[in-house]
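Pull up the structure and keep it rotatable while you read. We'll start with the whole chain, then settle on one helix and its neighbours.

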Amino acid sequence: MIGFSLRFRLNVMIATAMLLIIGLGFVFAIHSASRSVEEETRSTVNLALQLIEAGQAAVGKEASPSGTPYSVWLSQLGRLERTRHLRIHFAGQAATVLNLPPAAPEADAPGWFRWAVMPEPVVEERLLSDGAGGRAALRIEAESGDEIAEAWRETEGFLYLLLALALAVYGLVHITVGRAFRAVGQIMDGLEGIEKGEYGKRLPGFSLPEFQRISGAFNHMAAALEKSRDENRALIRQSMSIQEEERRHLARELHDEFGQSVTAIKAMAAALRHHAAANREAADHIMATCDRLFGVVRAMMRRLRPSILDELGLTASLEDLVGNWRVAQPGLAIDCACEDGLDEYAGEASIHLYRIVQECLTNVARHAEARQVSIRLGLAEAGAGGWIELAFRDDGRGFDPGQPRRGFGLAGMKERVAGLGGHFQLDTGPGRGAAIAIRIPYGETNR
């Protein structure tokens, strides 16, 4: 029974046990009925013989040549058939005085039952004096038909009672097991929720003490996991906030200190060009170096903290990011669409959404070999708050999500989303591209 549920197995086992009990009860009932019919048949014949012998002894003392008392006794003997279902046969002169009624028809009983309980024929023979000096052969046969019918009525009632009890027991056990497995189903749903990260799930109270203990332990575990998750999310948010603040500070320092210093160097190099021809080549070299450093600094500042994000918001920053990627990857068609009003609700999540899109584009350029990329950002209302939804899809070669990855891009995106209390979903496979769906909650405080 591999592959079948425990509930199905228990039902099969209970049904098998009930059928076994019914079968054993049936065999026991047939055996008892057979023994009862045999004993009743034998006792009937024995009783008839005892009465005949006692009657013959009593009548023999009063017998006369006319045989009148003897004939009366034989007539009375004939009534034994109506008493215990006997077949009595006489051979001789005495047979003429015995007027036996025909045997009663057998009562209704199934043929298989008669076959199962039919005893061996019981026949007794005696030689009796006919009262006139002659001898008569007496043959007594037991007629078991009525005994079998009586045994069938008793057996039939017993079998019906056994069947009713078996069905009642099976019904009670089935109901009890069903209730227990409803509790098991609720526990399994709770465990699956925990596996999916739904730590807010709680199990209800159960009437059975064993399941109630499981429910209490599960709810305590879920509460502890939920508390730990909330603490981890708070730490992640704080860590990301500190990280972004440090990046903002580095970008400002690069802009204010390093950028100004390079600008001053370039100005001095320009002044040197006009004073001495010998210094023209050195000045040109210094100015070229300054221009290259300007490009490096701008790229570093853009990567550390895109200034346009603070100045113009998330939508403009993503358009600028996508524009730069279009220039850098001319063979990659990028379609980006942001819903109106996104900047109003993004709040502190703006930088994280920007970083996620940035990381996705980087992964596409490095690994996906894609030709088309679609980026969608929108809003979804949900009660007092709502969700910011990001959908990213490419038509690249995809990958097996079950295989270990050397990079930390996906892990970093998951940490960002988890730290914001959102949901991350990845759908990919070899040869069918990759799709990422992200939902980040927002409320009034995000505006």
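A residue is called buried here if its relative accessible area is under 20%, and exposed if that area is over 50%, with partly exposed in between. By that yardstick, 34% of the 447 residues in the protein chain are buried. Keep in mind that this is a predicted model. The chain has 12 helices and eight strands. Look at contacts between residues at least 6 apart in sequence, and you'll find that 68% of them join residues at least 24 apart.

Now zoom in on helix H11, which covers residues 350-368. Its 19 residues reach 25 Å from the first C-alpha to the last, close to the 27 Å expected at 1.5 Å a residue. How many of the residues of H11 are buried? The count is 14 of 19, so this helix is mostly covered. Two of the helices that pack against H11 are H9 and H12, and we can take them in turn.

H9 runs over residues 314-328. It has 15 residues and spans 21 Å between its end C-alpha atoms, close to the expected 21 Å. Several of its residues are buried, namely Leu314, Thr315, Ala316, Ser317, Leu318, Leu321, Val322 and Trp325. The axes of H9 and H11 are 10 Å apart, and the helices pack at an angle of about 15°. Angles under 35 degrees count as roughly parallel, and that is why H9 and H11 are described as roughly parallel to each other. The crossing of H9 past H11 is right-handed. On the H9 side, the contact is made by Leu314, Ser317, Leu318, Leu321 and Trp325. H11 answers with Ser350, Leu353, Tyr354, Val357, Gln358, Leu361, Thr362 and Ala365. Sorted by class, that contact has nine nonpolar residues, four polar ones and no charged ones.

If you're wondering about the spacing of those numbers, here is the background. An α-helix has 3.6 residues a turn, so residues three or four places apart point the same way.

Next, turn to H12, residues 409-419. Which way does H12 run relative to H11, parallel or antiparallel? The two axes come within 10 Å and cross at roughly 165°. Since angles over 145 degrees count as roughly antiparallel, H11 and H12 are therefore roughly antiparallel to each other. H11 passes H12 in a left-handed crossing. From H11, the residues in this contact are His352, Arg355, Ile356, Glu359, Cys360 and Asn363. They meet Gly409, Met413, Arg416 and Val417 in H12. By class, the residues of this contact divide into four nonpolar, three polar and three charged. Within H12, Gly409, Leu410, Met413, Arg416, Val417 and Gly419 are buried. Just after H12 comes Gly421, with a positive phi of about 75°.

The other end of our central helix has a backbone detail as well. Glu369 follows just after H11, in the loop between H11 and strand E5 (372-382). Although Glu369 is not a glycine, its phi is positive, at about 55°. Is Glu369 buried or exposed? With a relative accessible area of 62%, Glu369 is exposed.

Finally, let's visit a few spots elsewhere in the chain. Ala149 sits in helix H5, residues 145-195. Its relative accessible area is 1%, so Ala149 is buried. Ala149 and Pro110 are 39 residues apart in sequence, with 9.0 Å between their C-alpha atoms.

Further along H5 you'll find His174. With a relative accessible area of 31%, His174 is partly exposed. His174 and Asn11 are 163 residues apart in sequence, yet their C-alpha atoms are 7.1 Å apart in space.

The last stop is Ala269, in helix H6 (residues 209-275). Ala269 counts as buried, at 1% relative accessibility. What does Ala269 touch, leaving out residues up to four places away in sequence? Its contacts are Ala283, Ile286 and Met287. The C-alpha of Ala269 is also separated by 8.8 Å from that of His285, 16 residues away along the chain.

Methods
Residues are numbered from 1 along each chain as its sequence is written. This is a predicted model: local features need pLDDT of at least 70, side-chain atom pairs count only at pLDDT 80 or more; totals for chains, interfaces and linings use all residues. Side-chain values use heavy atoms; hydrogens and water are left out. Helices (H or I, at least four residues) and strands (E, at least two) are DSSP runs, numbered from the N terminus. The expected span of a helix is 1.5 Å times one less than its number of residues. Buried means under 20% relative accessible area, exposed over 50%, partly exposed in between (1.4 Å probe, protein chains only). Axes are lines fitted to C-alpha atoms, for helices over the stretch in contact, and angles run from 0 to 180 degrees between N-to-C directions. Angles under 35 degrees count as roughly parallel, over 145 as roughly antiparallel, 65 to 115 as roughly perpendicular and the rest as oblique. A crossing is left-handed if the near helix is turned anticlockwise from the far one by less than a right angle, and right-handed if clockwise. Contact means heavy atoms within 4.5 Å. Ala, Val, Leu, Ile, Met, Phe, Trp, Tyr, Cys and Pro count as nonpolar, Asp, Glu, Lys and Arg as charged, and the others, Gly among them, as polar.
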